[in-house]
Every structure is written in C-alpha cells, then in structure tokens.
Amino acid sequence: MEKDSERQRFEKAFQDRIGRSPAEFIQQKLATGTEPKTIRYQYEMMAAEIARQNSCAAPPFSLYASLKKKKYRKLVNRTSKNGQ
C-alpha cells in the first residue's frame, strides 16, 4: 500500500510540474519521433528531481514506457480528379 501512495504522489507531482502524466509524456515524445534512449534520459533526469523535491521514489521508466510506436491508419477518400 505504501508503494502505491508513493507512486501516486510522484505521478501527481509529475503532472503538476510537466502538465501530463509520465506515460503521456513518454507517448507524446515517441509520437514526435524522439529516440527512446533520449526519452529515457529526459524522464530519468526529470523524475529524479521531482522525486527528490517531493520526498518520494521515482518509478522506473519501464513502468510507463511501451516503446512501440503507434501505427495509425489513414482514412483516405479516393475520388477521381474530376470529383466523381
């Protein structure tokens, strides 16, 4: 139970500081094409500072990251050039 409350405290502090949850932060960075190793470094630097300031432990990067890029299927309206 103590671990859950510590994680919740960290996530709230991260949200307050960064404006999104750790998972949202990571997914947004992935969506923009940032390299996973760069994202991990950024997360670990911010998480360590946030955890220190809020007297809690920073959960590991792997807890929030699924480093698969999302694939999107585009819906394309295939009409001829003359509009038919």
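Among the contacts in the protein chain that join residues at least 6 apart in sequence, 57% link residues at least 24 apart. The model is a predicted one, and the pLDDT of the protein chain averages 84, with 75% of the residues scoring at least 70. Its secondary structure amounts to 4 helices and 0 strands, which, read along the sequence, gives the pattern α-α-α-α. Across these helices the confidence is lowest in α1, where the mean is 89, and highest in α3, where it is 96.

Of the 84 residues of the protein chain, 20% count as buried, while the chain as a whole exposes about 6800 Å², of which carbon and sulfur atoms supply 49%. The largest nonpolar core holds 15 residues, and the members that touch the most other members are Phe 10, Phe 14, Ile 26, Tyr 43 and Phe 61. The elements α1, α2, α3 and α4 each give two or more residues to this core, and the largest share, 5 residues, comes from α3.

One contact shows how parts of the chain that are separated in sequence can come together in space. Ala 47 lies in helix α3, and because its relative accessible area is 1%, against a cut-off of under 20%, Ala 47 counts as buried. Leaving aside residues up to four places away in sequence, Ala 47 touches Phe 10 and Ala 58. Ala 47 and Phe 10 are 37 residues apart in sequence, and the distance between them in space is 8.3 Å from C-alpha to C-alpha.

Helix α2, which spans residues 22–31, shows how buried positions can be arranged around a helix. The buried residues in α2 are Pro 22, Phe 25, Ile 26 and Leu 30. Seen down the axis of α2, these buried residues fall within an arc of 130°, and therefore they line one face of the helix. Following α2 comes Gly 33, which has a positive phi, near 95°.

A positive phi also appears at Ser 55, where the value is about 50° although this residue is not a glycine. Most residues other than glycine have a negative phi, which is the background against which such a residue can be read. Ser 55 lies in the loop between α3 and α4, the latter covering residues 61–64. Because its relative accessibility is 60%, above the cut-off of 50%, Ser 55 counts as exposed.

The charged side chains offer another view of the helices. Side chains of opposite charge can pair when their charged atoms come close, and the structure holds 4 salt bridges, among them two pairs in α1 and one in α3.

In helix α1, which runs over residues 2–18, Glu 11 and Arg 7 are 4 residues apart, about one turn of the helix. Glu 11 forms a salt bridge with Arg 7, and the closest N and O atoms of the pair are 3.0 Å apart. Glu 11 has a relative accessibility of 23% and therefore counts as partly exposed, and Arg 7, at 34%, is likewise placed in the partly exposed class.

Lys 12 and Asp 16 also belong to helix α1, and because they are 4 residues apart there, about one helical turn separates them. Their side chains meet in a salt bridge with an N to O distance of 2.9 Å, and both Lys 12 and Asp 16 are exposed.

In helix α3, which covers residues 36–53, Arg 40 and Glu 44 are 4 residues apart, so about one helical turn lies between them. Arg 40 forms a salt bridge with Glu 44, with the closest N and O atoms 3.8 Å apart; the cut-off for such a pair is within 4 Å. Arg 40 counts as partly exposed because its relative accessibility is 37%, and Glu 44 is partly exposed as well, with a relative accessible area of 39%.

Helix α3 thus has more than one part in this account. It gives the largest share of the nonpolar core, 5 residues, it contains the buried Ala 47, and it also carries the salt bridge between Arg 40 and Glu 44, both of which are partly exposed.

Notes. Residues are numbered from 1 along each chain as its sequence is written. This is a predicted model: local features need pLDDT of at least 70, side-chain atom pairs count only at pLDDT 80 or more; totals for chains, interfaces and linings use all residues. Side-chain values use heavy atoms; hydrogens and water are left out. Buried means under 20% relative accessible area, exposed over 50%, partly exposed in between (1.4 Å probe, protein chains only). pLDDT is the predictor's confidence in each residue, from 0 to 100. Contact means heavy atoms within 4.5 Å. Accessible areas come from the Shrake-Rupley method with a 1.4 Å probe; for residues, only the protein chains shown count as cover. A nonpolar core is a set of buried Ala, Val, Leu, Ile, Met, Phe, Trp, Tyr and Cys residues joined through side-chain atoms within 4.5 Å. The arc is that of the directions from the helix axis to the C-beta atoms.
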